[in-house]
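Work through these exercises with the structure open. Try each task before you read its solution.

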Amino acid sequence: MSLAPHVWPETAAVTGGRLFVGGCDTVVLAEQFGTPLYLLDEATLRGAMRAYRQAFAAAYPGPARVHYAGKALLNTALAQIVVQEGLGLDVVSATELLVARRAGVPMAHVHLHGNAKSDAELERAVAWQVGAIVVDTLDELARLGALTAHLAEPQGVLLRIAPEIEADTHVHIATGGAAAKFGLPLAVLDMAVARVLNTSGLRWLGLHAHIGSQLFALDQVVATVEVLVAQAARLRDRFGVTPVELSPGGGLGVPYTADQPPTDIPRYAEVVSAAMQVACTRHNLPLPRLTVEPGRSIVARAGVALYRVVGRKGQRWLHIDGGMGDNIRPALYSARYSAVLANRAGEPDSELVAVGGRYCEAGDVLLREIALPPAQPGDLLAVATAGAYTLSMASTYNLVPRPALVLVGDGRARLIQRRETEEDVLARDMRL
Ligand SMILES: Cc1ncc(COP(=O)(O)O)c(C=O)c1O
């Protein structure tokens with residue numbers, strides 16, 4: 001067995017037959033913190049954040065901002081790292097916004113997203129003076145107008161458009177088509193801009209689009225930038241306003257298996273920046289602030305999930321102590337992963353098996369086919385690229401408590417989210 005280096009964290013290594021991450025022995029971590037356990041490799045995480053910042057600073061001549069998309073994974077410690085690395089934060093709920101505040105993220109660098117924001121969420125975002133609320137619908141705009149009527153300083157808004165671009169990704173994570181549930185159809189954009197310009201509590205900052213996630217081909221991202229700039233130029237001609245900011249969202253893909261290409265953040269920055277410059281020159285528009293919102297490509301590779309092998313069923317099935325409750329992606333969109341036996345990582349992968357999760361659902365299959373050494377109950381399975389859209393989408397299905405999250409680096413392990421307890425799970429449960 002060998003670790004495909006672009007799939008595992010930068011610090012992953014096999015020593016004495018055991019998988020180490022962040023200088024920590026995963027076998028020891030599993031005993032210390034229990035399983036299932038999620039690890040976050042600090043070096044890989046910070047490295048991706050720095051790569052984004054440096055790449056855009058080098059590639060884009062105008063002001064550029066990198067906002068980590070918290071939906072991929074969010075907790076206070078992670079948001080603190082976001083601040084330390086000089087990134088902004090995108091949030092999608094009042095509680096994510098609270099985490100941003102707890103972590104000390106400057107509110108000017110927070111954007112609130114969501115296609116169905118509640119009044120309470122909008123009120124909190126306005127009261128805490130977030131940098132921008134990214135408006136998705138005309139209805140939201142009307143509510144936001146009412147909520148901001150009293151403001152002395154208007155609230156900045158970006159209008160999210162549906163750019164009518166179909167991303168080449170799984171249908172569940174494609175968001176840019178005209179029929180998608182996200183964004184203002186281009187047909188109503190002028191109406192939306194006119195309303196913002198006529199609403200005293202709002203300030204129009206610019207346009208936003210996000211066509212989908214797990215994108216490898218960047219031509220659709222380029223097309224998105226072109227639509228953003230072309231629409232901005234049209235709005236300038238019609239309304240006499242120039243956008244301060246344009247954002248093509250996030251979405252850069254990551255490899256989950258050895259056959260997929262590595263994430264190339266510098267190339268992404270170069271392609272997006274060049275597209276923005278070319279389009280702005282063509283439309284005679286000054287370079288706007290360019291904001292990108294990566295989630296997966298910042299946190300996915302830093303994450304490793306550890307599971308205990310509970311048992312076997314015949315030749316084919318390995319059963320583990322986690323699954324769709326902590327990682328819904330294989331069940332939701334047939335996501336594939338790489339894995340090793342963390343306690344026997346030096347042994348040859350001589351067996352093809354399927355790894356079944358512990359949840360009572362036939363679709364709870366974490367790995368449909370994976371080569372491993374012949375595994376036995378008690379062995380430790382490590383799954384790579386497990387940082388994004390796993391714990392953040394976790395559930396308590398079957399009333400199973402959710403796993404702990406440990407930050408690892410330089411041989412040190414820090415618990416940043418404790419394991420959920422039975423008491424936590426039952427805290428909302430009422431007797432008749
Ligand atoms: C508006 C918006 N921005 C950014 C992201 C982050 O995407 P990714 O994690 O693929 O980079 C998403 C994810 O769905 C999103 O909806």
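**Exercise 1. Find which residues around the ligand come nearest, and list the polar contacts made there.**

Step 1. Of the 14 residues around the ligand, Ser213, Gly251, Glu293, Arg296 and Tyr389 come nearest. A residue counts as near if one of its heavy atoms lies within 4 Å of the molecule.

Step 2. Look for polar contacts, meaning pairs of N or O atoms within 3.5 Å; within protein, one must be able to donate a hydrogen and the other to accept it, and residues adjacent in sequence count only if both atoms are side-chain atoms. Glycine 251 places a polar backbone atom 2.9 Å from a ligand oxygen. Arginine 296 has a polar backbone atom 2.8 Å from an oxygen atom of the ligand. Glutamate 293 uses its side chain: a polar atom there is 2.6 Å from a ligand nitrogen.

Step 3. Check the cover. On its own the ligand has 400 Å² of accessible area, and the protein covers 92% of that. The areas come from the Shrake-Rupley method with a 1.4 Å probe; for residues, only the protein chains shown count as cover.

A note on the model: it is predicted, so local features need pLDDT of at least 70 and side-chain atom pairs count only at pLDDT 80 or more, while totals for chains, interfaces and linings use all residues. Residues are numbered from 1 along each chain as its sequence is written, and side-chain values use heavy atoms, with hydrogens and water left out.

**Exercise 2. Say how the chain is divided, and how many residues each domain puts into the contact.**

Step 1. Domain 1 is 13-34 + 302-426, and domain 2 is 43-296. These bounds come from an automatic or database domain assignment.

Step 2. The C-alpha centres of the two domains are 33 Å apart. Their contact (heavy atoms within 4.5 Å) takes 18 residues from domain 1 and 19 residues from domain 2.

**Exercise 3. Describe the largest nonpolar core.**

Step 1. Fix the term. A nonpolar core is a set of buried Ala, Val, Leu, Ile, Met, Phe, Trp, Tyr and Cys residues joined through side-chain atoms within 4.5 Å. Buried means under 20% relative accessible area, exposed over 50%, and partly exposed in between (1.4 Å probe, protein chains only).

Step 2. The largest core has 111 residues. Tyr68, Leu159, Leu207 and Leu381 have the most contacts inside it. Helix 9 (residues 265-282) gives the most to this core, with 8 residues. Helices (H or I, at least four residues) and strands (E, at least two) are DSSP runs, numbered from the N terminus. Both domain 1 and domain 2 supply at least three residues to this core.

Step 3. Apart from this core lies another, of 24 residues, including Trp8 and Leu29.

**Exercise 4. Is glutamate 245 buried or exposed, and which side chain does its own side chain contact?**

Step 1. Glutamate 245 sits in strand 12 (residues 245-249). Its relative accessible area is 0%, so glutamate 245 is buried.

Step 2. The side chain of glutamate 245 makes a polar contact of 2.5 Å with that of arginine 289. Beyond four places in sequence, glutamate 245 also touches other residues, among them His111, Leu158 and Pro288.

Step 3. Leucine 290 is 45 residues away from glutamate 245 in sequence, yet their C-alpha atoms are 6.0 Å apart.

**Exercise 5. Where does histidine 210 lie?**

Step 1. Histidine 210 is in the loop between strand 11 and helix 8 (219-239). With a relative accessible area of 18%, histidine 210 is buried.

Step 2. A polar side-chain atom of histidine 210 is 3.4 Å from the backbone oxygen of glycine 212.
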